[in-house]
Structures are given as C-alpha cells and as structure tokens.
Amino acid sequence: MDNLKVYLVGGAVRDRLMGKEPKDLDYVVVGTTPEKMLERGFKQVGGSFPVFLHPVTGDEYALARTEVKNGVGYQGFDCYFGPEVSLEEDLARRDLTINSMAIDIDDKYNIIDPFNGQEDL
C-alpha cells in the first residue's frame, strides 16, 4: 500500500485562518500515484498534471508536484509528480505565501506553514 497523506491547501486555508468560509476546497495528496487514486474510486480530470475528483464530494485532489518554467504564460511549465514529492515542495511552487499553507486533514489543528504565510496575513 502507498503512504497517502491528504492536506487542505491554498485559499481555503487562508480563508479559514481569516475566519471566512472557504468557497473552494482544494486538496494536495502526497505519497501516492495516479493509479492508486483511480483504485480508490477517484476520477482523473487533470490534463498536464493529475487532478482527481473525489467520488462522493466532487472536491479536487491534486497530486503533489513540482514545476519548472519552460515557456511563457500560465501553461508554460513542466510538471513532475511522484509519490516522493513532499508537501513542502508542492507549497513552494505557489504564487503567494498566504496561499502556501496547508492543514493536515487528519489533524485540523496542524497548520503547515513553511513560508510564514500566517505572518503575512
């Protein structure tokens, strides 16, 4: 079995810390593969990197990934995803420190904030 770990990320974490109800719930999955996500009943919808829809809630779950700029614009990236990509590596590619935080869904009091986003709020 894989070492799947799921985290709520991005704007939803920022909104919760600001006392607002998040509009979108986005999750990052660490320690697994696209094949294992499909075995769990998720539906793959991502094109250039694996994004999956939860079989019950329809929320988006993306595999942790790294990005390297290879061109211009929003699409100009080479993405790498694999079970060894860490949460911190995924958070490092995000646009702002306040969007580079995560909450461990197994421990809702465990806020992962490697780039001091809470300080910037």
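This briefing walks through the nonpolar cores, one buried arginine and the salt bridges of the structure above. Please keep in mind that the model is predicted. Its largest nonpolar core has 13 residues, a second, separate core has 10, and the structure holds five salt bridges.

**Nonpolar cores**

- Within the largest core, the residues that touch the most other members are Leu8, Val29, Met37 and Tyr61.
- Four elements each give two or more residues to this core: strand E1 (5–9), helix H1 (11–17), strand E2 (26–30) and strand E5 (60–63).
- Tyrosine 61 is a good residue to click on: leaving aside its neighbours within four places in sequence, its contacts are Val6, Tyr27, Val29, Met37, Phe42, Pro50, Val51, Phe52 and His54.
- The second core, separate from the one just described, includes Val28, Val30, Val85 and Ala102 among its 10 residues.

**Arginine 65 and its surroundings**

- You will find arginine 65 in strand E6 (residues 65–69).
- Arginine 65 counts as buried because its relative accessible area is 7%, under the 20% cut-off.
- Beyond its neighbours within four places in sequence, arginine 65 is in contact with Phe49, Cys79, Tyr80, Phe81, Val85, Glu89, Asp90 and Arg93.
- Two of these contacts, Asp90 and Arg93, also form a salt bridge with each other, with 3.2 Å between the closest N and O atoms.
- In that pair, aspartate 90 is buried at 0% relative accessibility, while arginine 93 is partly exposed at 23%.

**The lysine 5 network**

- As general background, side chains of opposite charge can pair when their charged atoms come close.
- Lysine 5 meets aspartate 104 in a salt bridge, at 3.0 Å from N to O.
- This pair links distant parts of the chain, since lysine 5 lies in strand E1 and aspartate 104 in strand E8 (residues 102–104), 99 residues apart.
- Lysine 5 also forms a salt bridge with aspartate 106, where the closest N and O atoms are 3.1 Å apart.
- Here too distant parts of the chain are linked: aspartate 106 sits in the loop between E8 and strand E9 (111–112), 101 residues from lysine 5.
- Through these shared partners, Lys5, Asp104 and Asp106 are joined into one network.
- Burial varies among the three residues: aspartate 104 is buried at 7% relative accessibility, lysine 5 is partly exposed at 24%, and aspartate 106 is exposed at 61%.

Note on methods
Residues are numbered from 1 along each chain as its sequence is written. This is a predicted model: local features need pLDDT of at least 70, side-chain atom pairs count only at pLDDT 80 or more; totals for chains, interfaces and linings use all residues. Side-chain values use heavy atoms; hydrogens and water are left out. A nonpolar core is a set of buried Ala, Val, Leu, Ile, Met, Phe, Trp, Tyr and Cys residues joined through side-chain atoms within 4.5 Å. Buried means under 20% relative accessible area, exposed over 50%, partly exposed in between (1.4 Å probe, protein chains only). Contact means heavy atoms within 4.5 Å. A salt bridge is a side-chain nitrogen of Lys or Arg within 4 Å of a carboxyl oxygen of Asp or Glu.
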